[in-house]
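Please examine the sequence and the structure shown below, then work through the exercises that follow.

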Amino acid sequence: MALRSMLTRKALASGLPGEPSVLLGVCLASQSRGVKTVALPDLPYDYGALEPAISGEIMQLHHQKHHQTYVTNYNKALEQLEEAITKGDASATVKLHSSIKFNGGGHINHSIFWKNLTPISEGGGEPPKGSLGWAVDMHFGSLEGLVKKMNAEGAALQGSGWVWLGYDRESQKLVVETTANQVDILFLSWSFYSLDIPRLCV
């Protein structure tokens, strides 16, 4: 089922020029040799702010090592792409697209993921309230039902990937969807909760 949202490809394409993550303020952009590179975003909280749910050590590793690797590899692939285009090397241009898609998706998905996490001191860990709480109860029976559904979808993923909670405008329901590896969620839906399913737990 395709997720629907207010943020669509058409909206992205008809708005401002540039990469969707730059347009949405998900990442920081800078100019480098005519291509838009990305930078590792600062977290809006300290690494240890999510303890005991997620340890500060895991947060730091995931942010400084894993996310930084996506940023580094994405920027490198963009530079290589510019060189390939300048040289007219069609074969290299085609080969670089998978690296750009994978690393760009990893950067965007993680940037969204960090914003979905909130320390307990700022209301994190509390059950959803208001219209979101009502929608969770309506579509999944309870918060526990939603957690069970997301855990089941995550367990069914082969390798690594993401579990997303989104809103399907067509059916007017909350839905749980998965994406494999680092598929860029911005081209599927605007989500408000994500669960990263790593290939290896460190």
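The exercises below treat one helix and one pair of strands, each with a worked solution.

The model is predicted: local features need pLDDT of at least 70, side-chain atom pairs count only at pLDDT 80 or more, and totals for chains, interfaces and linings use all residues. Residues are numbered from 1 along each chain as its sequence is written, and side-chain values use heavy atoms, with hydrogens and water left out.

**Exercise 1.** Determine which residues of helix α5 are buried and how they are arranged about its axis.

Solution. Helices (H or I, at least four residues) and strands (E, at least two) are DSSP runs, numbered from the N terminus. Buried means under 20% relative accessible area, exposed over 50%, and partly exposed in between (1.4 Å probe, protein chains only). In α5 (residues 130-140), Gly133, Ala135, Val136 and Phe140 are buried. Viewed down the axis, these buried residues fall within an arc of 160° (taken from the directions from the helix axis to the C-beta atoms), so they line one face of the helix. On the other side of α5, Gly130, Ser131 and Trp134 are exposed. The cover over the buried residues of α5 includes α6 (143-156), β3 and β4.

**Exercise 2.** Describe how strand β3 is enclosed and how it pairs with strand β4.

Solution. Of the 8 residues of β3 (residues 161-168), 7 are buried, so this strand is largely enclosed by the rest of the structure. Two strands pair if DSSP finds at least two bridges between them; β3 and β4 (residues 173-180) pair in the antiparallel sense over 8 bridges. Gly166 has Val175 in β4 as its bridge partner. The hairpin has 4 residues between the strands, and Gln172 takes a positive phi near 55° there.

Methods. Contact means heavy atoms within 4.5 Å.
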